[in-house]
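This briefing goes through one chain by topic. It begins with the overall layout and then turns to helix packing and single residues.

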Amino acid sequence: MHGFANPKRFLSLAAWLTPALLIGGLLTSAAALYWGLFQVPPDRLMGETVRILFLHVPAAWLGMGGWMAIALSSLAFLVWRHPLAALAARAAALPGLAFTIICLATGSIWGRPTWGTWWVWDGRLTSMLVLAFLYAAYIALAQAAQREGLSPRIPALFGLLGAINIPIINRSVVWWNSLHQPPSITVGKSAIDAEFLIPLLVAVFGFSLLFGGVVLARMRALLADIQAEARLRRRAMEAV
């Protein structure tokens, strides 16, 4: 892990891994969405509306997974001072926010014909909305820390603190009785028929590859900005 924290070694690895993840993610996600939208039969209870499952669920998992990436990267930065850990956390924030917004939007679209309303203030929806606000706050805080020259420990601590919301999202449908259905997939078992489960897992895998590719691309861009800024500062010092 310490070896890959070297920027030069990271860039050489990310140079080929980024396009591989992006292309693999796009192809796998497209195939899974086609499978779910056009090949899977309608659900016995929800009919055709069940097809949004193949976008909504991966988006929900990656919205939560994105914040876990922020929290783990923040922990690595605070404990081991990895030079790329803070960049990894910043890079995961924007795609994590995007997937969280997709989750909220598709959930509302799914909820209208299923529940008869676009939105309810139940535990799962409310805690997911809080996650979107946490992402926005983290992005603003990280940008402010870089712009004002503040300690990167501040957004790292916020990243760890915000992780408290992840188990709340996960257990919300168990702790509070609401319109949202209980967990369909738990450790060792699934309430989803294999005809739906297999393309769903393929979609999760494909979107995860895409998420990883976007994070690596953003890390490379952030690192390039930092290196360019350092060169400009060095030249300015030499000119004085």
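What follows describes a predicted model, beginning with the chain as a whole.

The chain contains 7 helices and 2 strands. Their order along the sequence is α-α-α-α-α-α-β-β-α, so the two strands sit between the sixth helix and the last one in that pattern.

**Overall layout**
- The chain has 240 residues, of which 42% count as buried.
- Among contacts between residues at least 6 apart in sequence, 76% join residues that are at least 24 apart.
- One pair distant in sequence is Met-46 and Thr-114: 68 residues separate them in sequence, while their C-alpha atoms are 7.1 Å apart in space.

**Packing of α2 and α3**
- Helix α2 covers residues 53-80 and helix α3 covers residues 85-115.
- These two helices pack at an angle of about 155 degrees, and their axes are 7 Å apart.
- Angles over 145 degrees count as roughly antiparallel, and α2 and α3 are therefore roughly antiparallel to each other.
- The crossing of α2 and α3 is left-handed.
- Sorted by class, the residues in the contact of α2 with α3 are 19 nonpolar and 9 polar, with no charged residues.

**Packing of α4 and α5**
- Helix α4 spans 123-148, and helix α5 spans residues 153-162.
- The angle between α4 and α5 is about 165 degrees, with the axes 9 Å apart.
- That angle makes α4 roughly antiparallel to α5.
- α4 passes α5 in a left-handed crossing.
- On the α4 side, the contact is made by Leu-134, Ala-137, Tyr-138, Leu-141, Ala-142 and Ala-145.
- On the α5 side, Ile-154, Pro-155, Phe-158, Gly-159 and Gly-162 make the contact.
- By class, the contact of α4 with α5 has 9 nonpolar residues, 2 polar residues and no charged ones.

**Buried side of α5**
- Helix α5 has Pro-155, Ala-156, Gly-159 and Gly-162 as its buried residues.
- These residues cover an arc of only 130 degrees around the axis, so they lie on the same side of α5.
- The buried residues of α5 pack against α2, α4 and α6, the last of these spanning 165-175.
- Pro-155, Gly-159 and Gly-162 are among the α5 residues in the contact with α4.

**Ser-73 in α2**
- Ser-73 lies in helix α2.
- Its relative accessibility is 14%, and Ser-73 therefore counts as buried, the cut-off being under 20%.
- Apart from neighbours within four places in sequence, Ser-73 is in contact with Ala-85, Ala-88 and Ala-89.

**Loop residues**
- Arg-81 is placed in the loop between α2 and α3.
- Although Arg-81 is not a glycine, its phi is positive, at about 55 degrees.
- The relative accessible area of Arg-81 is 48%, so this residue is partly exposed.
- Met-46 is found in the loop between α1, which spans 7-39, and α2.
- With a relative accessible area of 27%, Met-46 is partly exposed.

Terms used:
Residues numbered from 1 in each chain as written. Predicted model: local features only at pLDDT ≥ 70, side-chain atom pairs only at ≥ 80, totals over all residues. Heavy atoms only, no water. Axes fitted to C-alpha atoms, helices over the stretch in contact; angles between N-to-C directions. Helix = DSSP H or I, 4+ residues; strand = E, 2+ residues; numbered from the N terminus. Parallel < 35°, antiparallel > 145°, perpendicular 65-115°, else oblique. Left-handed = near helix turned anticlockwise from the far one by under 90°. Nonpolar A, V, L, I, M, F, W, Y, C, P; charged D, E, K, R; others polar. Buried < 20%, exposed > 50% of the residue type's maximum accessible area, 1.4 Å probe, protein only. Arc of directions from axis to C-beta. Contact = heavy atoms within 4.5 Å.
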